[in-house]
Amino acid sequence: MTVDLPLIPAAPDGFRSGFVAIIGRPNVGKSTLMNQLIGQKIAITSPVAQTTRNRLRGILTLPQAQIIFVDTPGIHKPHHQLGQILVQNARSAIDAVDQVLFVVDGSVPMGKGDRYIASLLEAAKTPVILGLNKIDQQSPQQRLSLEASYEDLVPASLPWILTRFSAIANTGLEDLQDQLWRQLPLGPYYYPPDLVTDQPERFIMGELIREQVLLLTREEVPHSVAVVIDRVEEEDPLTRVLATIHVERKSQKGILIGKQGSMLKAIGSAARQQIQKLIAGRVYLELFVKVQPKWRYSRLRLAELGYRNDP
């Protein structure tokens, strides 16, 4: 008789664990930061703001702690039903975690959006680490004035911790990681130690395709894109992936396909390379483009495409 060992081991004495929401305005580097902390790409990144749409969990397991990061959509003024869902999901994450990592763009002065988020966090009373990202882009002459503008965000009545780092340059992240785990409560392993995300591979595949759409089309087809993985067939040694890219207008479909299919081929080729890294195997990727008029404004269409208010 054999006994299967548990996937999740018992935590040693003094082990700390908990959930950390990464909160901030769009395009401050939240997804890049989580990828760097995890040591693997699980969240898509793009120069286009508001890239993240789902609360994506990344898991960092250390000898002394397990940190579950919740990467949230950038908090901004919503202009459609999708935007309202994204902002609500980001705000609800604040009350559902053990700690908040409030990321700001340390290369520019503090703005109204930062102050608005700070007011939400002050009301929530969740422990906060205020992280100044992109410090590699500060000039020596700017540094003191930029940091002073963000120090004004810290409520006098709350013990926020302020730290500085650059996610893209991978500097200051060890100190940030140390501050994060030390602030967590004593607790168990929530996930197996070798797991880096709780999202299924299909979800990550769809996000990797959407990332290439954002990177290759930029402002031409901004946020009117949703990707659905229709089928994944594993036929050793090849994995076949069929996916549909949903857009809102025929003109956007034309841009995505490109002259003689050139743009769709470029998107598919770049996405295939990323998916192959994800599954560590060969991939055949076939993409289709479908027009779904005004899908971002329809609760029904949003639900069909996987966008719902998180509990």
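This briefing walks through a strand with neighbours on both sides, a three-stranded sheet, two loop residues and the confidence of the model.

The structure is a predicted model, in which local features need pLDDT of at least 70 and side-chain atom pairs count only at pLDDT 80 or more, while totals for chains, interfaces and linings use all residues. Residues are numbered from 1 along each chain as its sequence is written, and side-chain values use heavy atoms, with hydrogens and water left out. Helices (H or I, at least four residues) and strands (E, at least two) are DSSP runs, numbered from the N terminus.

**Strand β5 and its surroundings**

- A good place to start is strand β5 (residues 128-133): 6 of its 6 residues are buried, so the strand is largely enclosed by the rest of the structure. Buried means under 20% relative accessible area, exposed means over 50%, and partly exposed lies in between (1.4 Å probe, protein chains only).
- In a regular strand, side chains alternate between the two faces of the sheet. Both faces of β5 are covered, with Val128, Leu130 and Leu132 buried on one side and Ile129, Gly131 and Asn133 buried on the other.

**Partners of β5**

- Two strands pair if DSSP finds at least two bridges between them. Strand β4 (residues 99-105) runs parallel to β5, and 6 bridges join the two; here Val104 stands opposite Leu132 in β5.
- Strand β6 (residues 161-164) also pairs with β5 in the parallel sense, over 4 bridges. In this pairing, Ile129 stands opposite Ile161 in β6.
- Helices link these strands: β4, helix α3 (residues 112-124) and β5 make a right-handed β-α-β unit. Another right-handed β-α-β unit is made by β5, helix α4 (residues 140-151) and β6.
- A crossover is right-handed if, with the strands pointing away from the viewer, the path from the first strand over the helix to the second runs clockwise.

**The β7-β8-β9 sheet**

- In the order β7-β8-β9, 3 strands form an open sheet with mixed pairing. At its edges stand β7 (226-235) and β9 (282-291), each with a single partner strand, so one side of each is left without a neighbour in the sheet.
- Neighbouring strands of this sheet are turned by 15° against each other on average, direction ignored.
- β7 and strand β8 (residues 238-247) run antiparallel and are joined by 9 bridges. Val232 has Val241 in β8 as its bridge partner.
- Two helices lie across β8 and β9: α7 runs at about 155° to β9, and α8 runs at about 135° to β9. Axes are lines fitted to C-alpha atoms, for helices over the stretch in contact (heavy atoms within 4.5 Å), and angles run from 0 to 180 degrees between N-to-C directions.

**Two residues with positive phi**

- Lys134 sits in the loop between β5 and α4. Its phi is near 65°, a positive value in a residue other than glycine, and Lys134 counts as buried because its relative accessibility is 18%.
- Gln260 is found in the loop between α7 (250-257) and α8 (262-279). Although Gln260 is not a glycine, its phi is positive at about 55°, and a relative accessibility of 75% makes Gln260 exposed.

**Confidence**

- pLDDT is the predictor's confidence in each residue, from 0 to 100. The protein has a mean pLDDT of 83, and 80% of its residues reach 70 or more.
- Residues 1-6 stay under 50 in pLDDT, and the model has 0 contacts for them beyond four places in sequence. Over residues 48-53 the pLDDT is below 50, and this stretch has 31 contacts in the model beyond near neighbours in sequence.
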